[in-house]
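Please open the structure in your viewer and keep a selection tool at hand. The stops below suggest what to select next and describe what is there.

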Amino acid sequence: CEDEPQELRGRLEGGRRVTVSAEVYNAMKESETWVAPVSAKDHTTEAWMLRMLQNHVLFRHLDDRELRSIVGAMSKTVLPVGTTLFSQGQQSTASDKFYLIDSGTCSVFKKGEKPTFLNRGDTCGDEELLYAQTYEVTVRTQTPVLAWTLDRKTYTRLLHGTFIKKRALYSEFLAKVSFLQGLSHVGLIQLADALQPETFVQ
């Protein structure tokens, strides 16, 4: 089920104890039926969003195609003055959002500390995009705000889908490499998961 941990341990093959990602069993079926949302953006906005997110800790491991899928799925949200995005002590849910501020200003409050501010290019809801947790600050719009948002469920499904497709592509390639012919299917999957793309500029 979806709530199982990402790693399923304990399968034995050839006398060795191996670890196989849970996506082998679950995510492929979902990725075949789920269609990622796409929100229209002009080229200037899309290019700006790519620049803002390419070095962000949540997205910098993605290749260009994957990052474009994330940007494509982010939807425009217009927030009036005084809108609370989330409150300190509130428990996050899968429907809560990650925000990339396009215009306007948000105030960030934490008990016992002076408020800080978020402006164009800043983000919030970062850690909550990864897993459910309690918000440590309150974020409220100080001016009208235009933001681009992504919820945790969409983020997770997008990464699962691209992960499975990349695994299948890499595994198929590795299976054709002569000196890897002796590897089991599980071994090929583990090797495929370990590969990291590198970009070289001529």
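Begin by selecting helix α2, residues 43-53, together with α3, whose axes come within 10 Å of each other and cross at roughly 120°. An angle of that size makes α2 oblique to α3, and the crossing in which α2 passes α3 is right-handed. To see where the two helices touch, show the side chains of E46, M49, L50 and L53 on α2, and those of L67, R68 and V71 on α3, since these residues make the contact. Colouring them by character shows five nonpolar residues and two charged ones, with no polar residue in the contact of α2 with α3. Keep in mind throughout the tour that the model is predicted.

Stay with α3, which covers residues 64-73, and select R68 and D64, both of which lie in this helix, four residues apart, or about one turn. What joins the side chains of R68 and D64? They meet in a salt bridge, with an N to O distance of 2.9 Å. R68 counts as partly exposed because its relative accessibility is 37%. If you now add E46 to the selection, you have a network of salt bridges that links E46, D64 and R68.

For the next stop, select D102 and R120, which form a salt bridge whose closest N and O atoms are 2.6 Å apart. D102 lies in strand β5 (residues 97-103), while R120 belongs to the loop between β7 (116-118) and β8 (123-124), so the pair ties together parts that are 18 residues apart in sequence. Is D102 buried or exposed? With a relative accessibility of 12%, D102 counts as buried, whereas R120, at 49%, counts as partly exposed.

Keep D102 visible and select K76, a residue of strand β3, which runs over residues 75-79. K76 and D102 are 26 residues apart in sequence, and their C-alpha atoms are 9.3 Å apart in space. K76 counts as exposed, because its relative accessibility is 52% and the cut-off for that class is over 50%. Which residues does K76 touch, once its neighbours within four places in sequence are left aside? Its contacts are S39, L146, A147 and W148, which you can add to the view as a group.

Move on to helix α4, residues 152-174, and select T154 within it. At 11% relative accessibility T154 counts as buried, because the cut-off for that class is under 20%. Not counting residues up to four places away in sequence, T154 touches W34, P37 and A73.

One more charged pair is worth selecting, namely K176 and E172, which form a salt bridge with closest N and O atoms 4.0 Å apart. K176 is exposed, with a relative accessible area of 64%, while E172 counts as partly exposed at 48%.

Finally, clear the selection and look at the chain as a whole, where there are five helices and ten strands. How many salt bridges does a search of the whole structure find? It finds four, among them the pairs visited on this tour. Of the 202 residues of the chain, 39% count as buried. Among contacts between residues at least 6 apart in sequence, 70% join residues at least 24 apart.

Notes: Residues are numbered from 1 along each chain as its sequence is written. This is a predicted model: local features need pLDDT of at least 70, side-chain atom pairs count only at pLDDT 80 or more; totals for chains, interfaces and linings use all residues. Side-chain values use heavy atoms; hydrogens and water are left out. Buried means under 20% relative accessible area, exposed over 50%, partly exposed in between (1.4 Å probe, protein chains only). Axes are lines fitted to C-alpha atoms, for helices over the stretch in contact, and angles run from 0 to 180 degrees between N-to-C directions. Angles under 35 degrees count as roughly parallel, over 145 as roughly antiparallel, 65 to 115 as roughly perpendicular and the rest as oblique. A crossing is left-handed if the near helix is turned anticlockwise from the far one by less than a right angle, and right-handed if clockwise. Contact means heavy atoms within 4.5 Å. Ala, Val, Leu, Ile, Met, Phe, Trp, Tyr, Cys and Pro count as nonpolar, Asp, Glu, Lys and Arg as charged, and the others, Gly among them, as polar.
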